[in-house]
Amino acid sequence: MTQYVVLLSVPGLREQDLASMPVLSQLAAAGKTVPLQPSFPCVTCSVQANLTTGVAPDQHGIIGNGFFWRDKGRFEMWTPWNEIYQAPQIWDMLHQRDPALTSAVWFPLIMKGCHADFICTFAPIHNPDGSESLWCYTKPTMLYGDLRDTLGHFPLKHFWGPLANIKSTDWIIDSAVIGADQFAPRFSYIYLPHLDYAAQKHGPDSPEAQLALTQLDASLQRLIDGYRRELPGEILWLVASEYVITPVSGPAYPNRRLRAAGLLHIDAQEDGSELLNPVKSPAWALVDHQFAHVYVNDPARIDEVAALFRNDPDVDRVLVGSERAEFHLDHERSGEVILIAKPDKWFAYYYWTEDRQAPPFARTVDIHRKPGYDPVEMFLDIPSRSTPLDATLVQGSHGYPSDAPSRQGILIASQPGVIDGPLRDVDVAGIVLGQFGV
C-alpha cells in the first residue's frame, strides 16, 4: 500500500499527447498507462462523480452538467453543492476505514460542502448590485485568505470563457502545493482543466492545443516537485482523462425543433427578447454538449416527443423510459426522453428563431441561466458583445458514447502493478481505495 495517492483529473488528455509532454511521460514510464473509457454522459460533472464514487449516474445522481429541479420548476447548470450526490465518495469511504485517512479536494465541480477534510474551489460572491467579487470556498474557512495573500485572488476569468488560459491551472497547482505543506493529505484529488480550452476553441490537433500540452506539462513539474518536497513518503500519482475532445461539423437545435412542433412555451419580454418557460412547456430540452435531457410535462406526450427526433438527421439515438438504463441514466432526475447527437454534431440550447429575440444573457459568460452548455462563451468579445450567436462553430465536443479508441482517454499510474487495462472511469475509485486497504 502507498502512503499518499494523488489523483489528477485532466480533461482532454490523449495517449498521443504524451509525446509532447516529457514530464508526464517520465511519470508514465515509471509505471503504466492504460486506456480509460468515460461512462456516458462524457461530461465534466458526471465523469468526476464516476471517478470519485465508483458507480454510474443512475446511482450517484449526477446525470449531467445541468439539472432541472422539478419541485422548484427551475433549471441550473454547474450547481456547486455536493449535497446532491446520492452515493458516497472516496473521502467518505476512507473516513469509514480510518478518520486519519484525510483527503484534499482541489477544484473539481460540485464539491462545496463535501466531506473531504480540506477543500478549495471557486465560489465568487454575488453582490446586490449584480457585480461579483472574487473568492473561493475553502475548508478550513480561513484558508482562502491565506492563499490569496500568497498567490493573489484565484483568476476566475481565466478558468472559463474567452480569457481562459494556463493562469487558472497554475493557481490551482500552486495552491495545492501549499495545501500539501499545511495538511499532508493522504489522498488528493486535483482538477487541472487547461487542455479543455484550446481543444474546444481551436480543435484537439490545433497549434493552440499543442501549446496547451507544453504549458500544462511545465506546470505539472511544479506540482510533482512540490508534493515530493512537502510529503514525507511515497506518492502514487494517478492521472485520468475525464474525456477527450473530438472534431464536430456543426450544431443542432432541439429546442427550436420542439418550438416548431408547438411544444415550447416562450415568455415574450418588454424589450423584445424571449425566455423559455420550463414549467409551462409541454416539452423542452436541457442540452449538454452531445446529449440532451428532454423533460416532458405530460406523460401522454412522451411518445410524440420521441417520434419528433427519431428521424432527425442530427440525432443518433432517442432513449425513452427503460431504454435510458443502457446508458445508466434511468434516474428520477433524467429527462423523460434523452437525445444523443450524431458523432459530428453538438446540441445548442438556443430556442429563439431570430437573433434580436435572444435573451440578454445569451451574449454573456453566464453559466447559470442558460438551459444548457454554451460553447460560444469561449469566443465572445466581452467588451462589444458583438459575436453573432449562430456564427461560431466549436471545433471539438464530447459527450458521445463510444468504444472507439479515438474517443477514449487514458489512465496513468506512476508505479507498476497498480493498474491493468483497459479500464472505465468507475474503476478508478476502487484503485484509490485499494491503496489504503479499503
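This is a short chat about how to read a few features of a predicted model.

Reader: Okay, where do I start? How many helices and strands does the chain have?

Author: Start with the inventory: the chain has 11 helices and 23 strands. Then look at the overall dimensions: along its principal axes, the C-alpha trace spans about 65 × 45 × 40 Å.

Reader: And why is the chain called as compact as a globular protein of that length?

Author: You compare its radius of gyration with what a rule gives for a globule. Here the radius of gyration is 21 Å, close to the 22 Å that the globule rule gives for 438 residues, so the chain is as compact as a globular protein of that length.

Reader: What share of the residues is buried?

Author: Buried residues make up 60% of the 438. Contacts tell you about the fold too: among those between residues at least 6 apart in sequence, 70% join residues at least 24 apart.

Reader: Which residues have the most contacts inside the largest nonpolar core?

Author: General idea: in soluble globular proteins, nonpolar side chains tend to be buried together. In this model the largest nonpolar core has 90 residues, and Phe 187 and Val 337 have the most contacts inside it. Click on Val 337 and look around: among the residues it touches are Ala 292, Val 294, Ile 302, Val 318 and Leu 319. There's also a second, separate core of 50 residues, including Trp 106, Tyr 144, Leu 147 and Leu 192.

Reader: Can we try one helix? Why is helix H2 described as largely enclosed?

Author: For a helix, count its buried residues. In H2, residues 44-53, 10 of the 10 residues are buried, so the helix is largely enclosed by the rest of the structure. They include polar residues such as Thr 44, Ser 46, Gln 48 and Asn 50.

Reader: What covers the buried residues of H2?

Author: The cover includes strands E1 (4-9), E10 (187-191) and E11 (235-240), along with helices H3 (57-60), H4 (90-97) and H11 (428-435). Right after H2 comes Gly 54, with a positive phi near 80 degrees.

Reader: Now a loop residue. Is Pro 155 buried or exposed?

Author: Compare its relative accessibility with the cut-off: buried means under 20%. Pro 155 is at 17%, so it counts as buried. You'll find Pro 155 in the loop between helix H5 (143-151) and helix H6 (166-183).

Reader: Which residues does Pro 155 touch, leaving out those up to four places away in sequence?

Author: Pro 155 touches Lys 167, Ser 168 and Trp 171.

How values were computed. Residues numbered from 1 in each chain as written. Heavy atoms only, no water. Helix = DSSP H or I, 4+ residues; strand = E, 2+ residues; numbered from the N terminus. Rg over C-alpha atoms; globule rule 2.2 N^0.38 Å. Buried < 20%, exposed > 50% of the residue type's maximum accessible area, 1.4 Å probe, protein only. Contact = heavy atoms within 4.5 Å. Core = buried A, V, L, I, M, F, W, Y, C linked by side-chain atoms within 4.5 Å.
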